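Biologist: Please show me the model, and then let us go through it by question and answer.

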Amino acid sequence: MKIKLGASALLMSLALTTLTGCGMTDSKDSGSSDDMPSAGTSNSEDAADKAEQVSSELYDLIGVKGKASDTGPGVGECDGKDPEKYFQIFHAWTFTPESAGQLDGVMERLKTELPEHGWEVTEYGRDTSKNKNLSLTADNDEKKYSVKIAHFAKNESPNLNLMVVSGCYQVPDGETVNRF
C-alpha cells in the first residue's frame, strides 16, 4: 500500500510539474508564454466539482468495466500568484479494470478518441522507467484542464493512473481560497 501511495505521490508531483506548463491556450494576460492559463473565477468547492465532472467524463472514455479509486480533488497553488486569491485543482485517481487484458489497446484508443471530445494530445509514448509505461498528456482548452494518463501494464494489478489538473482559478471578490 505504501508503495502505491508513493507511486501516486510521484505521479502527482510529475504531473503537476508537466501539466501546469501545459499548452492550453489563453489570452496570455501577463505576456509570459509559461503562465498557467486562467480557468476563470470560482470558489474551491465548485472548481473541485468541475474536476470530478472532468474525471467522470474521462472515466466514461476509458470504456472498460472496472473500478476507480475513491479519491477526491485537492487544491494547489498557482505559481507566482497570491495563494489567498488564486488556486488550481488537481484530481489524482487510479482506474483498475475487472481483468488485466481489458486495458490492451485502451491508450491507443484514448489517443484517437480524446480529440473527438475537445482534448488535444500533446504527448504520447513510453516513459523512461524500467517498465517503459505508456503515457499520454492532453489539454482541453475549452474546459481549461489537462490530463496525464499512465498505463502501468506490468504492475501486479495493471491499471491506469490519471492526474487531472485545472488552469488557475481566481476566487470571487471578498473570498479566500479554501484548501483541502
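Modeller: A polar contact is here a pair of N or O atoms within 3.5 Å; within protein, one must be able to donate a hydrogen and the other to accept it, and residues adjacent in sequence count only if both atoms are side-chain atoms. This is a predicted model, in which local features need pLDDT of at least 70 and side-chain atom pairs count only at pLDDT 80 or more, whereas totals for chains, interfaces and linings use all residues. Residues are numbered from 1 along each chain as its sequence is written, and side-chain values use heavy atoms, with hydrogens and water left out.

Biologist: At the start of α2, the backbone nitrogen of which residue is reached by a side-chain oxygen of N43?

Modeller: Helices (H or I, at least four residues) and strands (E, at least two) are DSSP runs, numbered from the N terminus, and α2 spans residues 44-62. At the start of α2, the side-chain oxygen of N43 comes to within 3.2 Å of the backbone nitrogen of E45.

Biologist: How far does α2 reach from its first C-alpha to its last?

Modeller: The expected span of a helix is 1.5 Å times one less than its number of residues. For the 19 residues of α2 the expectation is 27 Å, and the reach in the model is close to this, at 27 Å.

Biologist: What arc around the axis do the buried residues of α2 cover?

Modeller: An α-helix has 3.6 residues a turn, so residues three or four places apart point the same way. Buried means under 20% relative accessible area, exposed over 50% and partly exposed in between (1.4 Å probe, protein chains only), and in α2 the buried residues are S44, A47, A48, A51, V54, S55, L58, L61 and I62. The arc, taken from the directions from the helix axis to the C-beta atoms, puts them on the same side of α2, since it is only 130°.

Biologist: Which strands and which helix do these buried residues of α2 pack against?

Modeller: Contact means heavy atoms within 4.5 Å. The buried residues of α2 pack against the helix α3 (106-113) and the strands β3 (74-76), β4 (86-97), β7 (145-152), β8 (159-166) and β9 (168-170).

Biologist: Which cysteines does the disulfide join?

Modeller: A disulfide is a pair of cysteine sulfur atoms within 2.5 Å, and the structure holds one. The S to S distance is 2.1 Å, and the residues joined are C78 and C168. The pair links distant parts of the chain, 90 residues apart, with one end in the loop between β3 and β4 and the other in strand β9, the two being respectively C78 and C168.

Biologist: Is C78 buried or exposed, and what is its relative accessible area?

Modeller: The link of C78 and C168 is right-handed, with 115° about the S-S bond. C168 counts as buried at 5% relative accessibility, and C78 is buried as well, its relative accessible area being 3%.

Biologist: How many bridges join β7 to β8?

Modeller: Two strands pair if DSSP finds at least two bridges between them. On one side, β7 pairs with β6 (residues 134-140) in the antiparallel sense over seven bridges, K148 being the bridge partner of T137. With β8, β7 also runs antiparallel, and here S146 has V165 as its bridge partner, while the bridges that join the two strands number eight.

Biologist: How many residues of β7 are buried?

Modeller: Y145, V147, I149 and H151 point one way from β7, whereas S146, K148, A150 and F152 point the other way, and all are buried. The strand is therefore largely enclosed by the rest of the structure, with a buried count, out of eight residues, of eight.

Biologist: With the side chain of which residue does the side chain of D139 make a polar contact?

Modeller: D139 lies in strand β6 and counts as buried, at 2% relative accessibility. At 2.6 Å, its side chain makes a polar contact with the side chain of S146.
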